[in-house]
Amino acid sequence: MARDLPEVVGALGDLPGCTFLTDDDVSAVVVAVAPAPEADEGPQPRAGTVDASALYHVDLSEMAERQGLEGRAGEAAVVDLPRPHRGASESFPWSELPRRIVLLGIGDGTTTDLRRAGAALARRTAGLERVVSVATAGASDGGVRAFAEGYLLAAYRPERWSSAPDQRPAPAEQLVLLDPAADVEPALVLARRAARATWLARDLTATPSDVKYPAWLAERAVALAAEAGLDARVLGPRELEAQGFGGILAVGGGSSRPPRLVVVSHDPVPAEGAVARHVVVVGKGITYDTGGLSLKPRASMAPMKTDMAGAAVALAVVLGAADAGSPHRVTAVLPLAENHLGAASYRPGDVLRLHGGTTVEVANTDAEGRLVLADALDLAVRELAPDVLVDVATLTGAAAVGLGRFHAALYATDDTLAGVVEQAAARTGEPVWRMPLVADYEDALRSDVAALRNVPAHPPGGAGSVTAALFLRAFTGGVPWVHLDVAGPARATGSRHEVVEGATGFGARLLLEALDLLEP
C-alpha cells in the first residue's frame, strides 16, 4: 500500500480574517519576501507580508533583512517573537497569535521559484503542528501547484529498515495555504497526484535488494494495480521461455531469484465521440545489477538497488493516470530481472534470440538493461498496439557523464512527441535535453554472427548513450517513440530543493504531465 502524503489544504481568506489563527495547534505563520528591485534596498514584502506586519505590529521586511535574507527562492529564516509581558498583553495584538514566523524567499515568483520555496518550507517546518502560509496568496494555479509540489516532494523521508526509534522530525501535521480570492484545491489535487507518484517511485527504488527481487516487485505491482482497479498480468519463467523472451531470461539466469514480466493497464471507457491514444510505458526493472560476468567495480555496484528506477516510474505513471482519470489508455510494461553472477550466468560472446526473433551478440553482460527493454518493447509493438511508445531507464553512465545529475537524456523519433515531453519537463522542473539519433553510428552495432551487438564493436569515440538508444530503436517497429535515459537524475547524492538524497523518482511527474499535454 502506498504511503500517505503530508496534509496540505487550502482556505479562503487572509491573515487578519483567519478565524483559526489563534488555535493552539497553529505553530507558525509563513510570509513571503522577494529580492529588492534596487541593489541598495532590502528584501521586499510579498504576498501576505504587509498584512502580517500590520497584524504583528512588526516590520517583517526589516526583520528579513536583519536575518540576512535577500529574498532568493529557497531562502528561509524562522523567527520566534518574544512573549509579551503579561501586564502589557492588551497593547500587543499578537499576544494570542503564533509567535513563530517563517520568512520565506520566493524569488521572482516563477513556478520554479515557488517550487523551491515550497521545498525550503518543508524542511524548515518539520516537526511542527499546523502551519498557516500566505506565501502563495495571489499566485497563479500553476504557482500554487508548484509550491505544494515542492513542499510535498521535499517532505519525503525514505522508509527506515530498523527497529530503533526514528529520530527524524516528521513533516508538519498540516500546511494551510491561505488565499483571499481563489480556491486553490484544484491546484492541490494536481500537486498531490504528482507527489504521490513520485513518492511511490522513490519508495520502490529505495527498497533494499535483499527484500526487492523480481517476484517481490511483481507482487507489489499486482497489489497496487488491484487497489486502483486496474488489470495486471505476470509472466513467470515458464511463460517467458515459452514466448521467447531471450533477453530477460539470459539477464536473469545467473540469479537464484528468476525474472518476471508485468503488464499493468489503465483502459478507460472512452467518452462518446472521444478519440484517446494508447501510450505504453516500458520501465527497466533490474532489481540488482552486479554487471554479471562483466563485473562492476565495487563503487559502481553500491547504488545498484536503484537500477529498477525506470520500472518504478512506469508503474507510478499508470497508477497516476488511473487516479487522474486520464482519457488515454496507458499500459506499463515492467521487465524484471537480477543481473547476478552464477553457474547459469550469460556470457560475453553468447548469441541471444530476443522476443520477435532478433538475434543479439552479447559483448558486455553489464549492458543488460537494453536487452530486457528490447524484449519488452517488442512485446509492446507486437501485442499491445501502442500509438505512443515510451521507455524509461537508468541505462548508461554515458548519459550522466554528458548531462550530469540533473538532466535526463531525451531521444525521440517524432518531433511533436519530443516537444510534448520538453514542455512537460519545463512545467514540472524535471529537465531533459534532447539528444541525436546519429545515423552514422548504426553500423557500430552490427555483428558478424547476429543481427545486432548489445554494445558497439568499435565505439564511435564515445557516444555510449546514443548507441544504446539506437539499439533500442531497432525494437520499436516504427511506432512514435521516446527514450528517457535517467541514469543521472534518478539518483541524488544529496538533497537539493525538491530533490531528496537517494532515489529521486525522476520521470514520474514528467510523464504524467506529458499525458495531460498529449493530444488525442
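Here is a short set of notes on this predicted model, point by point.

1. **The main core.** A good place to start is the largest nonpolar core, which has 57 residues. Leu315, Leu334 and Leu484 are the members that touch the most others in this core. Helix H10, spanning residues 309-324, is its top contributor, with eleven residues. In general terms, nonpolar side chains tend to be buried together in soluble globular proteins.

2. **A second core.** Another core lies apart from the largest one and holds 45 residues. Leu261, Leu389, Ala399 and Leu470 are among them. You may like to colour the two sets separately as you read on.

3. **Leucine 484 and its surroundings.** Which residues does leucine 484 contact, leaving aside neighbours within four places in sequence? They are Asp391, Val392, Ala393, Ala409, Leu410, Val421, Val432, Leu510 and Leu511. Two of these names, Leu510 and Leu511, come back in helix H15, where both are buried.

4. **Helix H15.** This helix covers residues 508-517, and nine of its ten residues are buried, so the rest of the structure largely encloses it. The buried set is Ala508, Arg509, Leu510, Leu511, Leu512, Glu513, Ala514, Leu515 and Leu517. Please note that Arg509 and Glu513 are in that set, and that both are also in contact with threonine 428.

5. **Threonine 428.** This residue belongs to helix H13, residues 415-428. Is threonine 428 buried or exposed? Its relative accessible area is 2%, under the 20% limit, so threonine 428 counts as buried. Its side chain reaches the backbone oxygen of alanine 424 at 2.9 Å. A polar atom of that side chain also lies 3.4 Å from the backbone nitrogen of glutamate 430. Beyond four places in sequence, threonine 428 is in contact with Arg115, Arg509, Leu510 and Glu513.

6. **Tyrosine 156, tryptophan 199 and arginine 202.** The structure holds two aromatic pairs. In one of them, the ring centres of tyrosine 156 and tryptophan 199 are 5.2 Å apart with planes at 85 degrees, so the pair is edge-to-face. Tyrosine 156 sits in the loop between H4 and S7, while tryptophan 199 is in helix H5 (residues 185-206), so the pair ties together parts 43 residues apart in sequence. Both tyrosine 156 and tryptophan 199 are buried. Arginine 202 joins this picture by lying over the face of tyrosine 156, at 5.2 Å from the ring centre.

7. **The other ring pair, and another arginine.** Phenylalanine 471 and phenylalanine 475 form a tilted pair, 5.3 Å from centre to centre and with 50 degrees between the planes. Both of these phenylalanines, 471 and 475, are buried. Elsewhere, arginine 496 lies over the face of phenylalanine 406, at 4.3 Å from the ring centre.

8. **A three-stranded sheet.** Strands S13, S14 and S18 make an open sheet in the order S13-S14-S18, with mixed pairing. Strand S13 (351-353) and S18 are its edge strands, each pairing on one side only. Strand S14 (residues 359-361) and S18 run parallel and are joined by two bridges. Valine 360 stands opposite leucine 452 in S18.

9. **Two backbone angles to look at.** Alanine 463 has a positive phi of about 60 degrees although it is not a glycine. It is placed in the loop between strand S18 (452-453) and helix H14 (464-473), and is partly exposed at a relative accessible area of 25%. Histidine 497, also not a glycine, has a positive phi of about 55 degrees. Histidine 497 is in the loop between strand S20 (491-492) and strand S21 (502-503), and at 24% relative accessibility it counts as partly exposed.

10. **Alanine 170.** Where is alanine 170 found? It is in the loop between helix H4 (141-154) and strand S7 (174-179). Alanine 170 is partly exposed, at 35% relative accessibility. Not counting residues up to four places away in sequence, alanine 170 touches Ala126, Gly127 and Arg157. From alanine 170 to glycine 477 there are 307 residues in sequence and 48 Å in space, C-alpha to C-alpha.

Note on methods. Residues numbered from 1 in each chain as written. Predicted model: local features only at pLDDT ≥ 70, side-chain atom pairs only at ≥ 80, totals over all residues. Heavy atoms only, no water. Core = buried A, V, L, I, M, F, W, Y, C linked by side-chain atoms within 4.5 Å. Buried < 20%, exposed > 50% of the residue type's maximum accessible area, 1.4 Å probe, protein only. Helix = DSSP H or I, 4+ residues; strand = E, 2+ residues; numbered from the N terminus. Contact = heavy atoms within 4.5 Å. Polar contact = N/O pair within 3.5 Å; in protein donor to acceptor, adjacent residues only side chain to side chain. Pairing = 2+ DSSP bridges. Phe/Tyr/Trp six-rings, centres within 6.5 Å; stacked < 30°, edge-to-face > 60°. Lys NZ or Arg CZ within 6 Å of the ring centre and 35° of its normal.
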